[in-house]
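Reader: I'm new to reading structures, and I'd like to understand one part properly. Please give me a close look at the surroundings of the ligand, and then follow the chain outward from there.

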Amino acid sequence: MIHIRPQDKVFVLTGSGVSAESGIPTFRGVGGLWRNYRIEEVASPDAWAQDPALVWDFYSMRRSVAARAKPNPAHLALADLEKRLADRLFLCTQNVDNLHEQAGSRHVLHMHGELFKSRCDTCRRSPFPDDSSYEGPAQIPRCQCGGKIRPHICWFGEVPYELDRIFAALRHCTVFAAVGTSGVVEPAASFVAQVRGRARTYYVGPEEPVNASDFDQCFQAKAGKILPTLFALA
Ligand code: APR
């Protein structure tokens with residue numbers, strides 16, 4: 001159990017493992033996305049410059065997979081935790097699906113962007129809701145400014161979003177839990193090291209993450225199975 005005292009501030013970081021039981025593939029496990037696609041061909045600024053149609057094929061496929069997915073008990077448990085903790089919970093996700101929101105979470109920080117948003121690769125118009133799929137070279141959508149419309153995703157080599165808000169929440173948290181993330185990709189992989197000694201740190205997932213030694217306790221289980229009964233509020 002993770003005991004949460006009245007004075008505790010809780011930081012939860014989720015990764016693709018929290019959506020695995022909803023049928024959305026992870027990246028590095030068996031059947032992971034990076035086993036079938038090369039990151040440098042579909043998820044980097046160079047990929048976008050080289051072949052924007054291939055990038056849109058990849059994200060159109062991911063949109064259609066995510067559109068069929070439903071929240072699982074892990075997402076629902078975190079939405080319930082937000083109801084009980086209110087602003088004492090900071091939910092930061094590396095995921096770009098919207099299953100936390102579908103489950104009822106109202107404050108979700110998507111540090112790697114959002115699959116169902118797009119933005120212009122040239123002008124500074126804000127990202128906008130977009131669930132369209134753009135398949136094939138003729139389909140690259142254009143902005144009025146003449147720029148190309150790209151997925152609102154943080155690609156490898158780009159800076160994740162709202163890091164200032166994330167680091168502020170890390171400075172104040174007293175409980176840190178990472179759920180379903182292999183601990184491979186920075187800066188998220190180092191969040192736990194930043195709070196060690198000051199916060200109680202927990203990992204939830206069926207396999208040990210690369211940064212397992214940074215956690216006080218690891219709950220080796222599927223998130224959908226264990227999260228509904230993991231948090232005990234005093
Ligand atoms: N419950 C909890 N964890 C699970 C489950 C489950 N049902 N199934 C798998 N996992 C775990 C795996 O054991 C693995 O440790 O989820 C983790 C998924 O790791 P990755 O596939 O590396 O995904 P993630 O850590 O979220 O990747 C981080 O890398 O490719 C980039 O931007 C992408 O946000 C992504 C980032």
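Author: We'll start at the ligand and then walk along a neighbouring stretch of the chain.

First, some ground rules: this is a predicted model, where local features need pLDDT of at least 70 and side-chain atom pairs count only at pLDDT 80 or more, while totals for chains, interfaces and linings use all residues. Residues are numbered from 1 along each chain as its sequence is written, and side-chain values use heavy atoms, with hydrogens and water left out.

Now look at the ligand. There are 22 residues around it, each with a heavy atom within 4 Å. F27, R28, T181, S182 and E207 come nearest. By type, this shell holds eight nonpolar, ten polar and four charged residues (Asp, Glu, Lys and Arg count as charged, and Gly counts among the polar ones). Both domain 1 (1-24 + 71-112 + 160-234) and domain 2 (25-68 + 123-153) supply at least three residues of the shell; the bounds come from an automatic or database domain assignment.

Next, zoom in on individual atoms. The side chain of T181 has an N or O atom 2.7 Å from an oxygen atom of the ligand. H112 also takes part through its side chain, where an N or O atom is 3.0 Å from a ligand oxygen. With A223 the backbone is involved: one of its polar backbone atoms is 2.9 Å from a nitrogen atom of the ligand. Taken alone, the ligand exposes 730 Å², and the protein buries 91% of that (areas by the Shrake-Rupley method with a 1.4 Å probe).

Let's move on to strand β7, residues 149-153 (a strand is a DSSP run of E with at least two residues, a helix one of H or I with at least four, numbered from the N terminus). R150 is found in this strand, and it counts as buried because its relative accessibility is 5% (buried means under 20%, exposed over 50%, partly exposed in between, with a 1.4 Å probe and protein chains only). What does the side chain of R150 make a polar contact with? Its partner is the side chain of E158, at 2.9 Å (a polar contact is a pair of N or O atoms within 3.5 Å; within protein, one must be able to donate a hydrogen and the other to accept it, and residues adjacent in sequence count only if both atoms are side-chain atoms). A polar atom of the R150 side chain also lies 2.7 Å from the backbone oxygen of I153.

After β7 comes a loop that leads to α8, and E162 is found in it. E162 has a phi near 55 degrees, a positive value in a residue other than glycine. At 39% relative accessibility, E162 counts as partly exposed.

That brings us to helix α8, residues 163-172, where L163, I166, A169 and L170 are buried. These four cover an arc of only 125 degrees around the axis, so they sit on the same side of α8 (the arc is taken from the directions from the helix axis to the C-beta atoms). In general, an α-helix has 3.6 residues a turn, so residues three or four places apart point the same way. Turn α8 around, and the face away from its buried side carries the exposed residues D164, R171 and H172.
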